[in-house]
Every structure is written in C-alpha cells, then in structure tokens.
Amino acid sequence: MEYVFFSENLKRYYPKLYRILIEILSKHKVCHGILKGTADYWCRDYMPVQVCGSSFVQFRYHPDYLEGLRDYETPTDVSIELTKTLLPDSLISVSSIIADGGNFTFGVIKKGQGYTPVVVMTEKIFIENSGVERKNLVSELEKLFPNHEFLFLPWDRSDTCGHTDGILHAVGSNKVLVNLNVYPDDIAAEMRRILESRFKVIDLELSDYHDMSWAYINIIHTQNVIIVPGLGLPTDKEAMMHIKKLFPEYKERIYQVLMPSLVRRGGGALNCLSWTFSR
C-alpha cells in the first residue's frame with residue numbers, strides 16, 4: 001500500500017491545489033494525510049528517505065539555499081517525530097550527511113533474474129558536505145542503502161537546489177524520462193552519458209523548452225495514479241501526451257493539475273510537495 005503526505009502548509013497557503021490533489025488521490029483510493037508542525041510545504045526534502053519496507057534514513061536538512069531563511073528549515077527532530085507517530089514500527093537511521101530528499105531519485109535496472117535499485121543524485125551532495133572526503137561520503141551512502149547503486153550527475157550551479165527530481169523520472173525498469181534541454185549543452189551531455197551507463201534515456205518531447213519545463217518531470221506517481229504539473233503553457237498538452245504514451249497501463253489515471261504560480265515562486269512541483277512511501 002502506498003501513502004502520500006503533504007505539509008499542512010500546502011493546505012493553508014494553496015487550499016485549491018491541495019483540495020484538487022486530495023480529490024484525485026481519494027478517487028483512486030490512495031492513502032493520504034497531513035504533516036503538522038513543519039516549517040514549509042516542501043516536505044520531500046526534510047522527511048526521511050525510504051530505503052525499503054520499514055527502513056528509512058533521516059538526513060540533516062540544512063540546505064545552503066536557506067541561508068538567512070532558517071525559519072523555513074524543519075528541524076530533524078520534528079521530521080523524526082512525525083515519522084515515528086505515523087509509522088511506529090519504522091526503523092530510522094539518522095545520518096549527519098546534509099541532504100535533501102529531492103536529490104534522491106530512484107530508478108531500477110534489471111540484472112538477470114533480479115532487479116537493482118539505483119539512486120541518482122547531483123554532485124551538490126559533495127559541495128554541501130565539503131568537510132567529508134568524496135570517497136568516504138559515497139561509502140557512507142552505500143552503507144545506508146546497502147542494496148543500491150549510486151549515480152552522481154554534474155550540478156548546474158544556476159539550479160540553486162541541485163535536486164534530481166526535476167531531471168529524471170523512472171519509466172519502469174531500465175528506462176528514465178529526462179528533460180535535459182533546460183541545461184547547458186556540456187552539462188546536459190555529461191548527464192546523458194552518466195545516465196546512459198545504466199538506463200535507456202528518453203527525452204521529454206516538447207516543441208519548446210523553457211525555464212519551468214523541468215516541472216513536468218516532477219510528478220506524483222503511485223501504483224494507482226499519476227499527477228503531472230501544468231504550467232498554463234501550450235506545452236502542457238504535449239507533456240501529457242508523451243507521459244500517457246510512456247505509461248499506457250495508466251489509461252484514464254493520469255491527471256494534470258495547474259500550478260504555475262507555485263512552480264514559478266518556489267522552484268518546486270508535485271514530487272517536492274509530497275512525502276511518499278509504501279508499506
């Protein structure tokens with residue numbers, strides 16, 4: 001069973017968007033709930049990252065882009081307490097690594113008869129933890145996710161957050177959907193090279209790529225439903241057409257929700273706004 005949670009701040013500041021999301025999730029019987037006492041609505045970043053089953057990792061949420069804005073920083077103990085309240089049987093490993101949940105994007109590759117999960121991150125993880133040697137940081141991440149492989153993409157410094165959930169989204173096993181056209185050519189080429197070492201890379205088909213088109217990748221995706229951000233642009237329909245083509249098994253279960261002001265103002269979209277886990 002899958003669960004989708006939102007910060008109470010989303011309900012407070014964007015009630016219409018929240019209501020639409022809840023209506024869609026309820027229609028398709030996706031369990032959902034509210035996270036109370038958080039400092040902002042980007043709950044993907046400060047809540048624990050699920051490893052598997054009841055195992056989670058709580059990273060230190062202390063991003064450099066909140067320098068001077070620490071009132072928007074949800075403390076680690078708040079995130080842990082919320083998780084323990086909602087999931088009393090959860091096993092939470094607390095890490096001193098500074099990391100946002102939006103920089104943990106998961107794919108899966110088939111190897112023989114089995115599958116290997118892959119975590120894709122940008123190299124911002126090494127910048128924010130500059131006091132730790134790269135090899136030691138990678139080693140610590142691999143201990144926290146013992147059955148996973150890691151891929152590290154270059155970080156475009158103009159992308160303040162440095163997250164991967166606006167770069168790629170898994171399409172079943174061995175494939176990822178990307179929108180690399182919003183990045184400088186050299187960075188996009190290196191991202192593609194690294195991703196192609198593990199996946200078939202599928203480019204989002206748009207007639208025009210603009211500074212917010214990354215949001216089409218930043219979706220809510222459960223077993224029962226897919227929800228795609230809409231930006232109020234002609235490319236909205238194109239993004240939906242391509243995503244529907246990639247997920248034919250979701251016929252009549254893919255929705256688009258307009259949210260241009262939130263994307264423009266906050267630099268995040270639906271994956272960023274949601275904390276999801278399965279049980």
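**Close-up views of a predicted model**

**View 1. The salt bridge between E205 and K245.** K245 counts as exposed because its relative accessibility is 53%, and the cut-off for exposed is over 50%. The model shown in this and the following views is predicted. K245 forms a salt bridge with E205, and the closest N and O atoms of the two are 3.5 Å apart. E205 is found in the loop between β11 and β12 and K245 in helix α8, so the salt bridge ties together parts that are 40 residues apart in sequence. With a relative accessible area of 45%, E205 is partly exposed.

**View 2. The salt bridge between E149 and R198.** The side chains of E149 and R198 meet with an N to O distance of 2.6 Å. E149 belongs to strand β8 (residues 149-153), while R198 sits in the loop between α7 (185-196) and β11 (200-203); the pair therefore ties together parts that are 49 residues apart in sequence. Is E149 buried or exposed? Its relative accessible area is 17%, so E149 is buried, as the cut-off for buried is under 20%. R198, at 35% relative accessibility, counts as partly exposed. Side chains of opposite charge can pair when their charged atoms come close.

**View 3. A salt bridge within helix α7, and a network elsewhere.** E190 and R193 both lie in helix α7, where they are three residues apart, about one turn of the helix. Their side chains meet in a salt bridge of 2.7 Å, N to O. E190 has a relative accessible area of 30% and is partly exposed. A network of salt bridges links D64, K124 and E128. How many salt bridges does the structure hold? The count is eleven.

**View 4. The surroundings of T122 in strand β7.** T122 is part of strand β7, which spans residues 114-122. Its relative accessibility is 1%, so T122 counts as buried. Which backbone oxygen does the side chain of T122 reach? The side chain reaches that of G162, at 2.5 Å. Apart from neighbours within four places in sequence, the residues in contact with T122 are N103, L153, P154, W155, G162, H163, T164 and I167. G162 thus appears both in the contact list of T122 and as the residue whose backbone oxygen the T122 side chain reaches.

**View 5. The open sheet β3-β4-β5 and the helices lying across it.** Three strands make up this open sheet, in the order β3-β4-β5, with mixed pairing. β3 (49-52) and β5 (91-98) stand at the edges; each has a single partner strand, so one side of each is left without a neighbour in the sheet. On average, neighbouring strands here are turned by 30° against each other, direction ignored. β4 (residues 55-60) pairs with β5 in the parallel sense, over five bridges. Within this pairing, F56 has I92 of β5 as its bridge partner. Two helices are included in the view. Helix α4 (residues 76-86) lies across β4 and β5 and runs at about 165° to β4. Helix α6 (residues 134-144) lies across β3, β4 and β5 and runs at about 170° to β5. Strands of a sheet pair through backbone hydrogen bonds, either parallel or antiparallel.

**View 6. Strand β13 and the strands that pair with it.** β13 (residues 226-230) is mostly covered, and five of its five residues are buried. I226, V228 and G230 point one way from the strand, and I227 and P229 point the other way. In a regular strand the side chains alternate between the two faces of the sheet. Strand β12 (residues 220-221) pairs with β13 in the antiparallel sense over two bridges, and a hairpin joins β12 to β13 through four residues. H221 has I226 of β13 as its bridge partner. Which sense of pairing, parallel or antiparallel, is found between β13 and β14? β13 and β14 (residues 254-258) pair in the parallel sense over five bridges. The bridge partner of V228 in β14 is Q256. β13, helix α8 (residues 235-246) and β14 together make a right-handed β-α-β unit. Helix α8 is also the helix that holds K245, the residue shown in View 1.

Conventions:
Residues are numbered from 1 along each chain as its sequence is written. This is a predicted model: local features need pLDDT of at least 70, side-chain atom pairs count only at pLDDT 80 or more; totals for chains, interfaces and linings use all residues. Side-chain values use heavy atoms; hydrogens and water are left out. Buried means under 20% relative accessible area, exposed over 50%, partly exposed in between (1.4 Å probe, protein chains only). A polar contact is a pair of N or O atoms within 3.5 Å; within protein, one must be able to donate a hydrogen and the other to accept it, and residues adjacent in sequence count only if both atoms are side-chain atoms. Contact means heavy atoms within 4.5 Å. Two strands pair if DSSP finds at least two bridges between them. Axes are lines fitted to C-alpha atoms, for helices over the stretch in contact, and angles run from 0 to 180 degrees between N-to-C directions. A crossover is right-handed if, with the strands pointing away from the viewer, the path from the first strand over the helix to the second runs clockwise. A salt bridge is a side-chain nitrogen of Lys or Arg within 4 Å of a carboxyl oxygen of Asp or Glu.
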